[in-house]
Amino acid sequence: MPIFALVDCNNFYASCEKLFDPKLAGKPVVVLSNNDGCVVARSAEVKALGIPMGVPWFKIQKEARQYGIVAFSSNYALYADMSNRVVEVLGQFSPSLEVYSIDESFLDLTGFLQNLAEYGQAIRQRIQQWLGLAVCVGIAPTKTLAKLANHCAKKGLAGQQGVCDFITMTEADLSRLFARIEVGEVWGVGRRLQARQAQLGISTVQQLREADPDLIRARFSVVLERTVRELRGVSCLELEEVAPDKQQIMCSRSFGQYVYEREGLEEVIATYVSRAAEKLRQQSSLAGALTLFIRTNPFSQEPHYQRSLTIPLPEATEDTRVLVTWAVKVLRRIYRRGFAYQKAGVMLSELRPQKMAQASLFADPDIERSHRLMATLDIINQRWGRGALRTAAEGLEKPWQMKRLRLSPGYTTDWEGMPVVGCRSEGER
DNA sequence: TCTGGGGTCCTAGGACCC
DNA sequence: TCTGGGGTCCTAGGACCC
């Protein structure tokens, strides 16, 4: 029988912010989405206040003042760095692990003979001690159950002190426990599926687990059928240690302020294409098609307009300059004057590995040059920071750039942001 | 004034082929 | 009078995840 552990950081983004500023201890902290739009992470104190996930920040100003909520812009450099450290520590606990998201990893504990709950505690303690972050651990014979066990650990429904092990629980205990958990908590059951299942009288995890897999397949899909089997302890989802290459690469963002003119949008598009192309080259792929979309603010009372267009590229490419040229052509086809644009995005698709095209690629001296130029561009930007070297099309001012008014320092990723402990500058002395 | 970003998988239906 | 069957590919849309 396989054994999976799911390790999940508690309130990850909010915890990262608290970690480097002791004054925030015990205080309610939220982290906001891009443009300081919505609440995407909440500390325990904020959850206790009943502030929901995803609520627009401007709508909770009253509560924020009343309770002294401290808000931060998303500091992805900080979170990514802390995430890598967590993964590094987890690597000491299992030879095979899947990094599922920035704050969650699955560990393969198959064949581990020790007391699993104690092992989970050891993981928790080491991450707490070495990194100052709290995690919860769920242990079970399938990934879906490990996710659920993690949920139970977090909510204190089963297990102790942030670790829940389904493997040593009896069938009777599991049934009783699952009867108390809403089916919407199951991995893969979102709001829509929860509503549709309610019509069939399925509202708890236990009821879904007892449902007939064939019926579920007929009424829903093979995906949900697999979920039912996983809930019954039959492992259908394997650990994916190596993340497969992306099949599409997106870069889209809302603007810090509306953009009206085509020239402004061209700068935006050039910037987004550059970022997408960078990601493309990171996985050594070429793009065969490009999609562009632009839209106005769907929440505003102003006239709305949105359009997207996909074009096949005459030759698959990784060259930012080529991609920008095509993107600007596409923009000219979908742009309409007189609208307040609020968001745009670029998607690269029909991706294929560079090496598959290499035979013809390097036969052509122009393409060989392009490849070397792009490689150099990436090296320079890696060394000197994103955008240090860029196409002129991106512009200089970028007034539309996203708002990040509440950004914390790059505590672990920037010399200027490094926290200083116990010493004063010359002037203060 | 102010409402995120980036992905995956599956299904149904139409076009087209032999 | 009689009007096939099976397969692939593509796209749009729906659902989910963090």
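A polar backbone atom of G190 sits 2.9 Å from a phosphate oxygen of DNA strand C, a polar contact in the sense of a pair of N or O atoms within 3.5 Å. This is a predicted model, in which local features need pLDDT of at least 70 and side-chain atom pairs count only at pLDDT 80 or more, while totals for chains, interfaces and linings use all residues. Residues are numbered from 1 along each chain as its sequence is written, and side-chain values use heavy atoms, without hydrogens and water.

**Around DNA strand C**
- Strand C is surrounded by 13 residues, each with a heavy atom within 4 Å of the strand; the closest are S101, K147, G190, R192 and L193.
- Of the strand C atoms that come within 4 Å of the protein, 100% belong to sugar and phosphate.
- The side chain of R192 places an N or O atom 2.8 Å from a phosphate oxygen of strand C.
- S101 has a polar side-chain atom 2.9 Å from a sugar or linking oxygen of strand C.
- Both β5 (97-101) and α8 (191-199) supply at least two residues of this surface, and α8 gives the largest share, with three residues.

**Chain A as a whole**
- Chain A has 15 helices and 13 strands, taken as DSSP runs (H or I, at least four residues, for helices; E, at least two, for strands).
- Its C-alpha trace spans about 70 × 65 × 50 Å along the principal axes.
- Of the 429 residues in chain A, 46% are buried, meaning under 20% relative accessible area with a 1.4 Å probe, protein chains only.

Terms used
Chains are lettered from A and ligands numbered from 1 in the order in which they are written. Buried means under 20% relative accessible area, exposed over 50%, partly exposed in between (1.4 Å probe, protein chains only). A polar contact is a pair of N or O atoms within 3.5 Å; within protein, one must be able to donate a hydrogen and the other to accept it, and residues adjacent in sequence count only if both atoms are side-chain atoms.
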